[in-house]
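Please look over the structure below with its ligand in view. The briefing after it is arranged by topic, so that each point can be checked against the model.

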Amino acid sequence: MQDLLLLVFSLTLLAVVVGGLLVRPINAMHDRFASVRWALLRDFSPVLRRDVFVTDRATAHRLLVRGGAFCNRPPSSAASSVLSRQQHHNIGSAPYGALWRAVRRNLVSEVLHPSSRLRSHAPARRRALRGLIVDLREQSKSKPSGSGVVLAAESLHAALFGLSASMCFGDGVDAARVRAMADGMEDLIRSLVGLRVFAAFPALAELVYRERWSKLVALRRRQEEMYLPLVHARRRRGRSGEGEPLAYVDTLIDLMVPDGDDDEDSGASKRRLTDGELVGLCSEFLGAGTEPATAALQWTMANLVKHLDVQEAVRAEISSVVREDADEVAEEDLGRLEYLNAVLMESLRLHPSVPSVTRQVIPEDHVVLDGARVPAGTTVQFPLDLLALDKTVWSDPDEFRPGRFVSGGEGEGINLVAAAGSAGEIRMMPFGAGRRMCPGMGVAVLHLGYFVANLVREFEWTEAEGELAVDLAPHVGFLSVMKRPLRARLLALRRREGLIK
Ligand code: HEM
């Protein structure tokens, strides 16, 4: 019944909008009704929209990297965007413009800058790693008859989420609250696909999908209850003291953003972020900072379980670089672990945890495909797995073969920025490409390298049997994750008496 209602409504709307478009050529939209039609197109795009898929690398490079300003996304299904009718914007949902520039620049330079900021969170990374090792050791001992099989997926997620929470709100957030935030985030991610209808039909969908709407409101309220007391506490205490890392939320509290669409350099008035915007941006940081990275970490460890020779080669490389009595593989060691880096590249190529990059054509864009201008409102999808499987770039592209990224391989010397188009062509783009490329790539690769190296050094990872075996089949939704969460049999390789979480 709900679907029928939507269908009838959509067809009526389709007739109105398409009728309007037919009486004028699409590229003559700068008339006085253009903005009305554009707003309709934008709001109802998931029903009206024509999705175009770009799977060839040259076209992707032309549109995303050389195409200049083609960098808006369709209306977002992030909770704050949906609930605010696309008024509250985080980095990912903001239209290309002054607000987007201000919030993105803040994240990149105030939190993720490698030498000046990211380094200050090293103690939080070390704590997260230690907690993870203790957790995995305990699990491997306590499972039935000491079988050593652990549900690694949950432990990896908890460790990365805890780390993101401490980067976001500062150290010392109560563990129970962090767990509650992680649960809330998982609920939200699970709901995201179903929320797309709200991005499209705010008013109608609210009426039709009442249960879904109430759930969204409840999820968001829970987020506000969990995040805002932490925000207020940080606001009261002011910027952190000498030597203490700056939390993301500190930078947001201080941030002045342009009050309108005018560019911040043009002397436009500025304002502080509202509490609603703060909650949305923190939610984005926690979600974007944890979920795709956890998926990528699982995919990498799963491949190391399936390819024991590769796992052994990673361990041997670590032994050649890190002293046996060193407590951990330190962040500074990672730059010397060339084969480890090759393993990460290969895992990101074969299993991009964000399945697709999306752009939406706006009237100002001039996007041409197959010789024809693509109409405003069209959603253009770039499926990341297909783009990274091109036989003209990779031999046996479906195979997990890290050796292709070391000396003599077709990917030798290539880094992720070059692979995503800066070297003149796209070869793989797990972090997207162009101006809206993921700003968290550096920190994500740092976390992946640090955790994978240490987990391989601490444990031997082998496959369990039957239902517990590693299955590399993906479940593709909002993210591309392992359909069967990672389990493995772990054998501790190092003496760790007295290790405290
Ligand atoms: C393995 C981990 C990660 C993967 C695979 C990943 C992937 C992506 C992809 C594919 C995009 C879309 C890019 C585009 O449209 O061209 C994106 C955007 C984004 N990512 Fe990540 N990401 C990861 C980790 C992170 C981390 C750690 C953060 C922050 C701490 C982050 C924050 C963001 C933000 C804010 C955007 C939106 C950027 C914009 O619209 O300007 N991501 N990410």
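The notes that follow cover the iron site, the shell around the ligand, the cysteines and some individual residues. The model is a predicted one, and the iron atom of its ligand has a single protein donor, the SG atom of Cys 438. Around the ligand there are 27 residues, and helix H13 (275-306) supplies the largest share of them, namely seven.

**The iron site and helix H18**

- The SG atom of Cys 438 lies at 2.3 Å from the iron atom of the ligand, and Cys 438 is the only protein donor there.
- Cys 438 does not sit in a helix itself but in the loop that runs between helix H17 (416-419) and helix H18 (441-458), and with a relative accessible area of 33% it counts as partly exposed.
- Helix H18, which follows that loop, is made up of 18 residues and spans 26 Å from its first C-alpha to its last, close to the 26 Å expected at 1.5 Å a residue.
- Because 16 of its 18 residues are buried, H18 is largely enclosed by the rest of the structure.

**The shell around the ligand**

- Among the 27 residues that surround the ligand, the closest are Arg 73, Trp 100, Arg 104, Arg 359 and Cys 438.
- Helix H6 (98-111), helix H13, strand E5 (356-360) and helix H18 each contribute at least two residues to this shell.
- By residue class, the shell divides into 17 nonpolar, five polar and five charged residues.
- Oxygen atoms of the ligand have side-chain partners in the protein: an N or O atom in the side chain of Arg 73 is 2.6 Å from one, a polar side-chain atom of Trp 100 is 2.8 Å from one, and a polar side-chain atom of Arg 436 is 2.9 Å from one.

**Cysteines and disulfides**

- A search of the whole structure for disulfides finds zero.
- For Cys 282, the closest cysteine sulfur belongs to Cys 168 and is 3.8 Å away, which is too far for a bond, given that a disulfide requires the two sulfur atoms to be within 2.5 Å.
- Cys 282 is buried, with a relative accessibility of 0%, whereas Cys 438, the iron donor, is partly exposed at 33%.

**A residue of H13 beside a residue far along the chain**

- Gln 298 has its place in helix H13, and at a relative accessibility of 11% this glutamine counts as buried.
- Although Gln 298 and Leu 448 are 150 residues apart along the chain, their C-alpha atoms are separated by 9.9 Å.

**Residues with positive phi**

- Asp 370, a residue other than glycine, has a positive phi near 50°, and its position is in the loop between strand E6 (368-369) and strand E7 (372-373).
- With a relative accessible area of 83%, Asp 370 is exposed, since the cut-off for that class is over 50%.
- Asp 396 also has a positive phi, of about 40°, although it is not a glycine, and it lies in the loop between helix H16 (384-387) and helix H17.
- At 41% relative accessibility, Asp 396 counts as partly exposed.

Definitions and conventions. Residues numbered from 1 in each chain as written. Predicted model: local features only at pLDDT ≥ 70, side-chain atom pairs only at ≥ 80, totals over all residues. Heavy atoms only, no water. Donors = N, O, S within 2.8 Å, 3.2 Å for Na, K, Ca; no water. Helix = DSSP H or I, 4+ residues; strand = E, 2+ residues; numbered from the N terminus. Expected span 1.5 Å × (residues − 1). Buried < 20%, exposed > 50% of the residue type's maximum accessible area, 1.4 Å probe, protein only. Near = heavy atom within 4 Å. Polar contact = N/O pair within 3.5 Å; in protein donor to acceptor, adjacent residues only side chain to side chain. Nonpolar A, V, L, I, M, F, W, Y, C, P; charged D, E, K, R; others polar.
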